[in-house]
Every structure is written in C-alpha cells, then in structure tokens.
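I opened this entry to record what I looked up in the model. The notes begin with the overall fold and then go to single residues.

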Amino acid sequence: MRHIISVLVENKFGVLSRVAGLFSGRGYNIESLSVNTTHDPRFSVMTIVTSGDERIIEQIIKQLRKLINVIKVRDVTPMDHIEREMMLVKVHATSKTRPDIFNIVNTFRGKVVDITGESLIVEITGTDDKNKAFLKVLEPYGLIEVIKTGFVAIARGSKATPDYSKTS
C-alpha cells in the first residue's frame with residue numbers, strides 16, 4: 001500500500017543523504033521525495049512516498065526517528081490530509097490542435113507556461129488521479145516530455161501542525 005511519510009528535519013548538511021541511505025540500505029523504494037525549508041529556515045520537511053504493508057511502514061518510521069537531525073516523523077496517509085503533485089507537460093500542438101488543448105488545460109485548471117510553433121508546456125497541480133487523467137486526455141495529441149515534482153502533503157486542522165520544539 002502507498003504511504004506518504006512526512007519528516008521534519010533540521011536543515012543541516014547530509015540529512016537527505018542519511019535518509020536516502022536508510023531506504024537503500026534496507027531495500028525500501030522511494031517512489032517520490034520532495035524537500036524544502038519550512039517557514040522557519042532552521043527546519044525542512046521531507047515528503048516521502050513509499051509502499052509497503054503496515055509492518056514495513058512501521059519499521060521505516062522507527063528507523064527514521066533514530067537518525068540524527070530528524071525531529072518528527074509521521075505517516076500522513078491515515079490522517080485527513082491534502083496532497084498535491086505539480087507536473088510540467090510538454091505536448092505537441094499545431095495551430096489546429098492548440099484550441100482543443102487549451103480547452104483541456106482549462107478544464108483541468110492548468111496553466112500554459114510556454115508556447116512554440118509545435119508545442120505547449122503546461123503546468124498542472126493536483127492529486128495523482130487528476131494528474132493521470134490529464135495525461136491520458138492529452139496522450140492522443142502526443143506527449144513529448146513529463147516532469148513531476150513529487151508529492152507534498154499536509155494534515156488538515158491545527159492539531160496536526162508539527163511542534164518544532166519537541167522531538168519525535
């Protein structure tokens with residue numbers, strides 16, 4: 001089963017390497033990884049998408065909590081949460097197909113960020129299902145390239161906010 005793990009870490013050199021090493025050293029796969037600083041530049045949040053049964057996810061979380069510079073680890077999956085992934089999609093677009101593609105982009109609430117004589121680049125943000133549906137609809141026009149950011153997720157409600165002063 002797919003899980004989204006949120007890891008609050010000190011913004012220090014080598015933390016990303018240690019987290020990635022933990023996964024590779026134990027044979028776990030990272031399907032998606034997104035990292036950036038929080039509103040407090042001393043801390044970063046890593047959003048890791050991985051798969052496994054409850055036992056494997058529990059083991060991953062326990063191992064992550066043991067790492068130096070890790071402050072808080074939680075599996076966001078069972079929580080009421082919001083998750084999004086951003087994609088940049090380059091698609092073939094002729095003068096004949098461009099209006100149809102623009103309509104598709106608008107329907108999916110995307111944004112055209114670049115136009116050339118033979119292609120468009122579209123920015124779209126959404127859930128995994130929405131992004132897959134968007135690609136499926138655009139596929140007949142000729143996808144040239146798809147770049148994804150990886151997922152970010154946040155638990156809903158004020159009680160889910162991480163307390164930066166406490167450890168895991």
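**Sheet and surface**

I looked up the sheet first: 4 strands form an open sheet in the order 2-3-1-4, and the pairing is antiparallel. Strand 2 and strand 4 (70-75) are the edge strands, each pairing on one side only. From one strand to the next, I get an average twist of 15°. I note here that the model is predicted.

Next I checked the pairing of strand 1. Strand 1 (residues 2-10) runs antiparallel to strand 3 (residues 43-51), and 9 bridges join them. With strand 4, strand 1 pairs in the antiparallel sense over 5 bridges.

I then looked up individual partners. Ser6 stands opposite Thr47 in strand 3, and the bridge partner of Ser6 in strand 4 is Arg74. For Val7, the bridge partner in strand 3 is Met46.

Is strand 1 enclosed or open to the outside? I find that 7 of its 9 residues are buried, so strand 1 is largely enclosed by the rest of the structure. The cut-off for buried is under 20% relative accessible area.

I looked up where helix 1 sits. Helix 1 (residues 15-25) lies across strand 1, strand 2 and strand 3. Its angle to strand 3 is about 15°.

Last, I went to the surface. Leu16, Leu33 and Val35 make a nonpolar surface patch of about 210 Å². Val35 belongs to strand 2 (residues 32-37). The relative accessible area of Val35 is 37%, so I log Val35 as partly exposed. That value fits the patch rule, which takes residues with over 30% relative accessible area.

Methods. Residues numbered from 1 in each chain as written. Predicted model: local features only at pLDDT ≥ 70, side-chain atom pairs only at ≥ 80, totals over all residues. Heavy atoms only, no water. Patch = residues over 30% accessible without salt bridge, like charges linked within 9 Å, V, L, I, M, F, W, Y side chains within 5 Å. Areas by Shrake-Rupley, 256 points an atom, 1.4 Å probe, with all protein chains shown as cover. Salt bridge = Lys/Arg side-chain N within 4 Å of Asp/Glu carboxyl O. Helix = DSSP H or I, 4+ residues; strand = E, 2+ residues; numbered from the N terminus. Buried < 20%, exposed > 50% of the residue type's maximum accessible area, 1.4 Å probe, protein only. Pairing = 2+ DSSP bridges. Axes fitted to C-alpha atoms, helices over the stretch in contact; angles between N-to-C directions. Contact = heavy atoms within 4.5 Å.
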